[in-house]
Amino acid sequence: AEVGQALAVSVRVGKVSGGVLHVYAADSVTLQELTFRKRALLKRIQADLPENKTNDILFRVQTL
């Protein structure tokens, strides 16, 4: 929901480990777009889900 429907089909959200949310992108173009939006995404996640204590997002390319 945070990235919009166009990107959501190419993204899989993983676990939060040590305050880092792991997010997997289907390809490098999606990864680049996520990286561009990282700061805004992190702020929105922190506001919407404060109980997760997410302080960073790690993006990786992985076949979905």
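These exercises work through the strands, helix and core of a predicted model.

**Exercise 1. Find the order of the strands in the sheet, and work out how each neighbouring pair runs.**

Step 1. Start with β1 (residues 11-17) and β2 (residues 20-25). Five bridges join them, and they run antiparallel.

Step 2. Check two of the pairings. Val-11 has Ala-25 in β2 as its bridge partner. Ser-17 is partnered by Val-20, also in β2.

Step 3. Look at the connection. β1 and β2 form a hairpin, with two residues between them. Gly-18 sits in the turn and has a positive phi of about 65°.

Step 4. Move on to β3 (56-61). Six bridges join β2 to β3, and this pair runs parallel. Ala-25 has Val-61 in β3 as its bridge partner.

Step 5. Assemble the sheet. The three strands form an open sheet in the order β1-β2-β3, with mixed pairing. β1 and β3 are the edge strands, each pairing on one side only. From one strand to the next, the twist averages 25°.

**Exercise 2. Place α2 relative to the sheet, and give the handedness of the β-α-β unit.**

Step 1. Locate the helix: α2 spans 28-48.

Step 2. List its strand contacts. α2 packs on the sheet and touches β1, β2 and β3.

Step 3. Compare directions. That of α2 makes about 165° with that of β3.

Step 4. Follow the chain through β2, α2 and β3. Together they make a β-α-β unit, and the unit is right-handed.

**Exercise 3. Identify the residues of the largest nonpolar core and the elements behind them.**

Step 1. List the members. Eleven residues make up this core: Leu-7, Val-11, Leu-21, Val-23, Ala-25, Leu-34, Leu-41, Leu-42, Ile-45, Ile-57 and Phe-59.

Step 2. Sort by element. β2, α2 and β3 each give two or more residues.

Step 3. Find the main contributor. α2 supplies the largest share, four residues.

Step 4. Set this against a general trend. In soluble globular proteins, nonpolar side chains tend to be buried together.

**Exercise 4. Decide whether Thr-54 is buried or exposed, and name its contacts beyond four places in sequence.**

Step 1. Place the residue. Thr-54 lies in the loop between α2 and β3.

Step 2. Apply the cut-off. Buried means under 20% relative accessible area. Thr-54 has 5% relative accessibility, so this residue counts as buried.

Step 3. Leave aside neighbours within four places in sequence. Thr-54 is then in contact with Val-16, Gly-19, Leu-21, Leu-42, Ile-45 and Gln-46.

Step 4. Cross-check with the core. Leu-21, Leu-42 and Ile-45 are among the core residues.

How values were computed:
Residues numbered from 1 in each chain as written. Predicted model: local features only at pLDDT ≥ 70, side-chain atom pairs only at ≥ 80, totals over all residues. Heavy atoms only, no water. Pairing = 2+ DSSP bridges. Core = buried A, V, L, I, M, F, W, Y, C linked by side-chain atoms within 4.5 Å. Buried < 20%, exposed > 50% of the residue type's maximum accessible area, 1.4 Å probe, protein only. Right-handed = clockwise from strand over helix to strand, strands pointing away. Contact = heavy atoms within 4.5 Å. Axes fitted to C-alpha atoms, helices over the stretch in contact; angles between N-to-C directions.
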